Amino acid sequence: MSETPHHHDHQHIVIVGGGFGGLYAALGLLRERRFQVTLIDRQNHHCFQPLLYQVATGGLSPGNIAMPLRSLLANHKRGRVLLDEVLDVHAHHQQIVLASGTTIAYDHLIVAAGMRCNRFGHDAEWGTAAPGMKTLDDALYLRRRIFENYELAERCNDPRERQRLLTFVICGGGPTGVEMAGAIAELGRSLRRHEFHHLTADDTKVILLEASASILTTFPQPLQDRARQDLTDLGVDVRCGWMVDHVDHRRIVRATTSDQETREHIDHGLFIWAAGVQGVALAQSLAIASNESLKPGGRVLVDEYCRLPGHPHIAVIGDLAYHPDHRDPLPLQERRALPGIAPVAMQQGRYLAKRLRRELRGRAVKPFRYRDKGAMAVIGRNRAVGVTGPLKMRGRLAWWAWLFIHIMYLSGTQNRILVLLQWAWAFFSRNRGARLITGAELTEQALLSRRRSAGAPAHDAAD
Ligand SMILES: Cc1cc2nc3c(=O)[nH]c(=O)nc-3n(C[C@H](O)[C@H](O)[C@H](O)COP(=O)(O)OP(=O)(O)OC[C@H]3O[C@@H](n4cnc5c(N)ncnc54)[C@H](O)[C@@H]3O)c2cc1C
């Protein structure tokens with residue numbers, strides 16, 4: 001089945017991905033009456049990924065950090081939303097192919113399809129033993145595993161098994177890993193004090209593994225040190241210089257320190273992968289169309305106007321784009337890429353809408369220039385680090401700045417108010433309200449653990 005634009009006097013712009021880049025591009029493009037916009041996503045919602053860890057640890061509900069794409073574009077008659085997956089781009093015919101079998105023609109294509117987990121070639125081997133956190137489903141799975149483990153540990157009479165269940169290992173010392181480690185450590189304290197009366201302070205262990213010499217390596221050294229100290233104060237065991245080389249289904253992480261070649265096993269109840277991402281599968285067909293190889297992280301090289309080389313009608317923005325950073329003094333081909341963070345995607349989305357509007361009117365266009373407003377990472381209540389220009393923030397001030405920025409960029413007024421209220425409630429009561437275990441049955445890991453605690457042999461293949 002083939003679809004063509006509805007109105008021939010309109011330009012048809014197809015956007016792949018309703019994340020930060022795609023959504024901001026769509027909203028900017030819909031200001032122009034001669035554009036008709038089709039936004040395609042394999043999920044029906046826009047997800048505010050920076051707050052996924054709050055869903056995983058029961059601080060917020062999924063609906064607080066996600067909005068249906070249809071409702072975000074509801075006021076725009078020239079915009080339509082399709083729930084589908086884009087499988088291929090036929091650049092020379094200006095068409096895309098969808099999983100539903102439909103082919104759609106475009107005048108301009110904007111690809112903002114983001115990243116997926118990268119377990120560095122271990123996907124098949126580690127997959128289920130090393131869940132990542134990229135989508136709401138991922139966060140809900142982690143939430144379930146975390147709270148299931150607490151339930152099982154509370155009733156477990158075997159101290160070693162109890163300890164294992166409550167050992168949470170997070171791999172990756174970037175902002176996501178740091179936020180997750182801090183949140184689980186705080187959660188563990190609060191659950192033990194208020195609800196799980198058979199657990200002791202020593203039962204919950206949170207271990208943060210990082211391969212390089214420090215955590216938060218993109219932050220200035222004093223902030224790296226402060227974040228590490230804050231995590232340690234919360235009881236997180238931060239281990240830098242650790243390379244994970246195997247995660248098996250017996251829930252044991254085997255790691256070697258990169259310099260000393262020592263080996264160690266960690267029995268864990270949940271291992272969370274926050275160490276790497278790579279471009280989605282669609283990147284490959286874009287790279288082939290542009291006669292370029294994929295860039296580091298499976299990203300797609302674009303020029304200064306966000307265009308795919310050789311294809312002025314295709315733009316790639318957001319995390320998926322390897323956009324050379326104009327601030328890097330090296331020649332264009334050797335420049336490092338802009339970071340894969342939300343402000344880059346949002347600014348590129350807005351820029352692209354403006355560029356296409358100007359091109360429609362035959363006006364001159366400027367290359368994309370990223371305005372770096374800084375970076376932040378939250379560690380826990382009243383603990384965060386942030387840098388903006390020469391200003392370095394830490395502690396309470398950084399934490400309040402983090403709260404304000406996240407509320408500001410959350411989509412939907414209703415969500416902003418609800419999240420504000422929930423955070424205010426959590427701040428004063430120290431209670432996380434969304435600690436729900438959902439799903440019909442216990443996970444396979446929980447069933448195995450229950451059998452072990454009862455002294456029965458666990459026969460499952462995963463064991
Ligand atoms: C856990 C986590 C925490 C983060 N924290 C921060 C933070 O604190 N600050 C910050 O600045 N950034 C943070 N980021 C990064 C930030 O979320 C990304 O930079 C941003 O989401 C990139 O936007 P995007 O539009 O490129 O892609 P995304 O927001 O990932 O959106 C891509 C969309 O494309 C869709 N899609 C993919 N492939 C297809 C296909 N073939 N067909 C149809 N649809 C498709 C996906 O369903 C998705 O909706 C975090 C990311 C994660 C995962």
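Student: Which elements each supply at least two residues of the lining of the second largest cavity?

Tutor: A lining is read by tracing its residues back to helices and strands. In this predicted model, β10 (108-111), β22 (311-316) and α11 each supply at least two residues of that lining. The most comes from β22, with 4 residues.

Student: Which residues line the second largest cavity, and how do they divide into nonpolar, polar and charged?

Tutor: The residues are H108, L109, I110, P312, H313, I314, A315, L352, R355 and L356. They divide into 7 nonpolar, 2 polar and 1 charged. The space in this second largest cavity is about 40 Å³, and the structure holds 3 cavities of 30 Å³ or more.

Student: How is an open pocket to be read, and about how much space lies in the second largest pocket?

Tutor: One may take the volume, then the residues at the centre, then the elements behind them. The second largest pocket has about 780 Å³ of space. It is lined by 33 residues, of which E186, R381, W399, A426 and F427 are the closest to its centre. Two or more lining residues come from each of α2 (52-56), α8 (175-194), β24 (375-380), α12 (395-409) and α13 (413-429).

Student: Which element gives the largest share of that pocket's lining, and what is the lining by class?

Tutor: The largest share belongs to α8, with 9 residues. By class, the lining of the second largest pocket has 18 nonpolar, 7 polar and 8 charged residues.

Student: Turning to the ligand, which residues come nearest?

Tutor: A ligand shell is read first by its nearest members and then by its polar contacts. There are 28 residues around the ligand, and G21, D41, V86, D319 and A342 come nearest. An N or O atom in the side chain of D319 is 2.7 Å from an oxygen atom of the ligand. For V86, a polar backbone atom is 2.9 Å from a nitrogen atom of the ligand. Q43 has a polar side-chain atom that lies 3.4 Å from an oxygen atom of the ligand. On its own the ligand has 990 Å² of accessible area, and the protein covers 90% of this.

Student: Which elements give two or more residues to the shell around the ligand?

Tutor: They are α1 (20-29), β3 (35-41) and α11 (342-360). Of the elements, α11 gives the most, with 3 residues. The shell has 12 nonpolar, 10 polar and 6 charged residues.

Student: Why does the ligand lie between domain 1 and domain 2?

Tutor: The ligand lies between them because domain 1 (2-42 + 84-117 + 278-360) and domain 2 (123-274 + 375-452) both give residues to its shell.

How values were computed. Residues are numbered from 1 along each chain as its sequence is written. This is a predicted model: local features need pLDDT of at least 70, side-chain atom pairs count only at pLDDT 80 or more; totals for chains, interfaces and linings use all residues. Side-chain values use heavy atoms; hydrogens and water are left out. On a 1 Å grid over the protein atoms alone, a cavity is a set of points where a 1.4 Å probe fits but cannot get out, and a pocket is an open set with protein on both sides within 12 Å along at least five of seven lines; lining residues have an atom within 4 Å of a point. Grid points are joined across faces, edges and corners, and a volume is the space filled by probe spheres set on the points. Ala, Val, Leu, Ile, Met, Phe, Trp, Tyr, Cys and Pro count as nonpolar, Asp, Glu, Lys and Arg as charged, and the others, Gly among them, as polar. A residue is near a molecule or strand if one of its heavy atoms lies within 4 Å of it. A polar contact is a pair of N or O atoms within 3.5 Å; within protein, one must be able to donate a hydrogen and the other to accept it, and residues adjacent in sequence count only if both atoms are side-chain atoms. Accessible areas come from the Shrake-Rupley method with a 1.4 Å probe; for residues, only the protein chains shown count as cover. Domain bounds come from an automatic or database domain assignment.
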